[in-house]
Structure formats: structure tokens, C-alpha cells
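Here are a few exercises to work through with the model open in your viewer. Try each task before you read its solution.

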There are 2 protein chains.
Amino acid sequence: MRVAYLGPQGSFSEEAALRYFTNEDVEWHKSGSIVDVLEAVGDGTADKGIVPIENSIEGTITITADGLLTHDLFIEAEVIFPVSLNLLTIEGASLDEINEVWSIVPALAQCRDFIRQSKVKTRQFDSTSAAAQAVKNQERKDVAAIASRYAAEVFDLQIAKSAIQDNSNNHTRFVVISKKKCKPVQEQTKTMLLISPTEDYSGVLSSILNVFSALSINLSWIESRPTKKQLGTYHFFIEALNGMQEEKMKKAITILQAFGHDVRVLGSYGTTKL
Amino acid sequence: MRVAYLGPQGSFSEEAALRYFTNEDVEWHKSGSIVDVLEAVGDGTADKGIVPIENSIEGTITITADGLLTHDLFIEAEVIFPVSLNLLTIEGASLDEINEVWSIVPALAQCRDFIRQSKVKTRQFDSTSAAAQAVKNQERKDVAAIASRYAAEVFDLQIAKSAIQDNSNNHTRFVVISKKKCKPVQEQTKTMLLISPTEDYSGVLSSILNVFSALSINLSWIESRPTKKQLGTYHFFIEALNGMQEEKMKKAITILQAFGHDVRVLGSYGTTKL
């Protein structure tokens, strides 16, 4: 089985992928961006992919949400991964010397307080590990990467300061995606729907949520993403705390479709905590 | 009156600020980041500020939403601004030579298709105009800034390609903020609430939206932002299509508070289209 992830060596995605896909004969496919992971799975280069969809500090990873909107893919599992962000430098650099930090946008966003307080500049890289590798290669003492402990090991960097994220209880939620709807590997405890309302936005989300509420379906996540056609029009990601094997989920979808909304079942899956 | 905006010369915020605050004796306060604008208004350095809160392609500007969560500020107006993003280079550079584009994160996100198709690298700056200025200063022909037509004029750059954003109907919604709740300058047609539920997330948004629906209050915007304490817990921004002068809005707030939710009225305002 070929598995794609956002993957220079040492990335959080790599660590999550290695820890999730165990006991399997996996051929790893390292992609340069989240969109590349989705495309590798979409065009069959990879059988499965693992991508971050939400972080407890930064919120939704919009690149992934927008990618799920435009690619025809299914979610087959959810993986909860504890994240600790560290400031990595070359050996011998001191914290005072650092005036620029390099990382991927969500990681920079998760360390907003640290960045503001230490008045350092930021530079955007495609992944935390690409930033770590660049710090290693350039041998500059005035820059640091924001990346994982795992990346420090991989690139032989020192941890100048650990756990610099705004909140210590930081988790990232990954989803495992595939091109084909396949047999769930775990009990299906959640279902992700993508609802594109036919009507105007005003009032429509309330009417959609009423359907779930009337059927006693609890929701764990609601995210609106712009249709990109006009300000104020949205698609809704709705994650329900029931699997598709349950009759009431099928009923909910039938009702929503009868209202005229476009409903895609992105997947029904269980949760793995790493 | 002192007005703060995200302000190296030539930014979209500057253009919006100059076009919104007309006929007034304004002392401009240019801030280095969105958080700096919020802080300048919060600590009294500026009387008002103007910050982007949503874009029709990128969605919510989460830095602004999170800033409104943590700062004690009011929204007094909404400003809708049409955005066209252009590729700016120094005189004589050709489109083929460009292998790196510089801009602020939301602008890079709004040009995702262009960036992917042209296989250029990206580098993050604090504003579109900081990127434009850097392109001008460095005199490199292999880099381009993504910024406004206005920035091209300000920094004497050429427009190598115009309107490179993913969708041509691109608008950014700004909000005008102040420290004090002040008399609305326009008819109050909208109200922004920030609701922090007391209970668990599951099902609570539905019960909140039911209150508005029961009172025939239509909503124009719903955004959830993580509490940053635990994955799956959120604050909700809810924008209603009614002003606070209307009896039913007061009723909605009383009911939501009776449910035990924490409700902050961020503002009641009208819309200006630039």
C-alpha cells in the first residue's frame, strides 16, 4: 500500500503517518504540500493519504478543507496527534541571537504569542521539517525553525526552547483519505458530511442543524468555507457523532436532500488517539 | 481622530482606510500587523482602527477573529472592499523569469491556483505592501510581489500580470473598531455577537441557532474559533441581519444569557460598499 503525506523527513505529518500506519507493508510517498497529498491520492499515485484538518489553537486547516471540497476523496479514519512545537537551532546558537523564525504557516500561527514577545521576523516554509532542514543547511546562528522534537533528531539540531506554542494542550486532528470508499477499519463512530445549500445562506444553517437536532444526532464539528463565488455564501462541513451504519444518519441525509441541499458523505470512521 | 490600520504604504488596508475615512481630520497611525492595530485601539494610541475580517476566497481572517476574542473592542461599521491581486515586478522583468512570489499569507492563499500552476516558491511578508517594497528594494528580476494596483503606483513597480486571484469576484470585508461603544454613524442593519457556550459543544450550536430562528432573526455569518483550551471546544461569532435597536435582538440576547451562555455584543452597524 502506498501512503502519501506532507513529507520532507521530520514533519509532524511523517511522525503521525509512521505512528498510525504500523504493521503494514507501506510504501511511503512524500509530497511537497497538502494539495500534493490530495492530488497523489486523487490520481492514484498513492492509495491513501494522511493530512491535518484541524488544530486546537489554529482551528481548521483551510487548505485541507478546501482540498476536500474540490477533490473527490473519502475520509476513512481520524487521527488525534499531540503537538509540541519547539525552537530548533544549530549547535552552539543561543536564544538571544535569534531574530528570525522559520516554519509552516499553521505552526507560526500556533506560536503567535512567542513570536510577538520575542519580536522576531517570520519566514514561511512548506513544512516544519523544510524549515528545520534549511536552518541546518544554512548554518546561521540567528535563525531558528519551529518544528517537532522528532525533526530535531532527524536534522541534528538543538532544542533552544521547547513547547513554545500558545497553549500547552495542543492537538492536531489528521484525516486518512482514500480515493475509494472502503470498508471501515474501525467502528464508525463519526460521519463527515459536506453540505452545499441550494438556498441563500441566511437562515439555512439553522434549518440544516434542526434536522440533526430533531433526529437526536449530536455534532462534533461545523465549519463553513466560502464558495469563492460571492462573499457571504458557504459550503458546510458537518461532522456528526454517529456512524453511517445508524438508521438516523441515513434519514438525516434523505431529509437534507429532500430540502434540495447537495449532500456528500465524505466518510464514516472511528478515532485513533496517538 | 487617530485611525490605525495595517499600514506600510500601499497596503489594501491603507486603500480601504483612505477611501472609508473621508471628509475627516484624520491622523493616520500605521501599524505593523493586525494585532498591532487592535492593540493600538485597545490602549488608546488610536481612536479607531480598520481591520480585515473575511475574504470571499480565503474565508475568515483568523488573526482578526482571535484578536476580537481577546481584546475588549467594539465594531462600529462594516466596509466591503473589492480586491484584485496583481503580480508586481521591477521594470523590465518578464513573467518567465519569476520563480518566487512574496506577499502576506491571505493574499498567497487567494492565489493558490496561480502559485501551483506556475510552480513558484512563496515567501511570507507582514503585508502586501511590505512585499512590494522588498521587491522594489532588492531589484531582483526573479521575484514578484502579490499586491494591489495601488501598491504598484506607490512603489513604482510594473504589473506583470493582473487579477491573478483564484476567483475574479473577490471582496474583503473590513470592520471599523473602537475602544468605546459609540453612536452608530449609519443605520444599524447588522449585529455581531460573540457567544461562548457554557456547555459542551455537541448540540449547543443548534440550540443557539434555534433562538434566532424562533425570533425570525436571519444570520449572515457564523464562525467558530477554537477556545485554544481543548480540541473540539469553540467560541462562536454570529452576525445577525438586524440592528440592536430592534426589540427581537434584545430578546435573543436575554434568552441566550438565560441559557447560561456568555454573550458579548461586539457591535451593531451598517455596511459601506467601497
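**Exercise 1. In this predicted model, find which residues are linked with R173(A) in a network of salt bridges, then examine the pair it forms with E239(A).**

Solution.
- Step 1: list the members. The network of salt bridges links E54(A), E78(A), R173(A), K190(A) and E239(A).
- Step 2: check the distance. Between R173(A) and E239(A), the closest N and O atoms are 2.9 Å apart, which falls within the 4 Å cut-off for a salt bridge.
- Step 3: place the partners. R173(A) belongs to strand β11 (residues 171-178) and E239(A) to strand β14 (residues 234-240) of chain A, so this pair links distant parts of the chain, 66 residues apart.
- Step 4: look at the surroundings. Both R173(A) and E239(A) are buried.

**Exercise 2. Describe the salt bridges R2(A)–D47(A) and R112(A)–E58(A), and decide for each whether its residues are buried or partly exposed.**

Solution.
- Step 1: start with R2(A) and D47(A), whose side chains meet in a salt bridge at 3.0 Å, N to O. R2(A) sits in strand β1 and D47(A) in the loop between α2 (34-42) and β3 (48-55) of chain A, so the pair ties together parts 45 residues apart in sequence.
- Step 2: apply the accessibility range. Partly exposed covers the values between 20% and 50%. R2(A) has 27% relative accessibility, so it counts as partly exposed; D47(A), with a relative accessible area of 32%, is partly exposed too.
- Step 3: turn to R112(A) and E58(A), where the closest N and O atoms are 3.7 Å apart. R112(A) is in helix α5 (residues 112-118) and E58(A) in the loop between β3 and β4 (59-60) of chain A, 54 residues apart.
- Step 4: classify this second pair. R112(A) and E58(A) are both buried.

**Exercise 3. Work out where N170(B) lies and which side chains make polar contacts with its side chain.**

Solution.
- Step 1: locate the residue. N170(B) is in the loop between β10 (158-161) and β11 (171-178) of chain B.
- Step 2: classify it. Its relative accessibility is 2%, so N170(B) counts as buried.
- Step 3: find the polar partners. The side chain of N170(B) has a polar contact of 2.8 Å with that of N55(B) and another, of 3.0 Å, with that of Q110(B).
- Step 4: add other neighbours. Beyond four places in sequence, N170(B) touches residues including I57(B), F81(B), P82(B) and V83(B).

**Exercise 4. Characterise the interface between chain A and chain B by its area, its contacts and its salt bridges.**

Solution.
- Step 1: count the residues. On chain A, 49 residues are in contact with 48 residues of chain B.
- Step 2: take the area. About 3900 Å² is buried between the two chains, with carbon and sulfur atoms giving 43%.
- Step 3: count the polar links. There are six salt bridges between chain A and chain B; one pairs D36(A) with R116(B), with the closest N and O atoms 2.8 Å apart. In addition, 13 residue pairs are in polar contact across the two chains.
- Step 4: see what chain A contributes. Strand β13 (residues 219-226) gives the most to its side, with eight residues. By class, that side has 16 nonpolar, 19 polar and 14 charged residues.

Notes:
Residues are numbered from 1 along each chain as its sequence is written. Chains are lettered from A and ligands numbered from 1 in the order in which they are written. This is a predicted model: local features need pLDDT of at least 70, side-chain atom pairs count only at pLDDT 80 or more; totals for chains, interfaces and linings use all residues. Side-chain values use heavy atoms; hydrogens and water are left out. Contact means heavy atoms within 4.5 Å. Buried area is the accessible area (1.4 Å probe) that two parts lose on being put together, summed over both. A polar contact is a pair of N or O atoms within 3.5 Å; within protein, one must be able to donate a hydrogen and the other to accept it, and residues adjacent in sequence count only if both atoms are side-chain atoms. Helices (H or I, at least four residues) and strands (E, at least two) are DSSP runs, numbered from the N terminus. Ala, Val, Leu, Ile, Met, Phe, Trp, Tyr, Cys and Pro count as nonpolar, Asp, Glu, Lys and Arg as charged, and the others, Gly among them, as polar. Buried means under 20% relative accessible area, exposed over 50%, partly exposed in between (1.4 Å probe, protein chains only).
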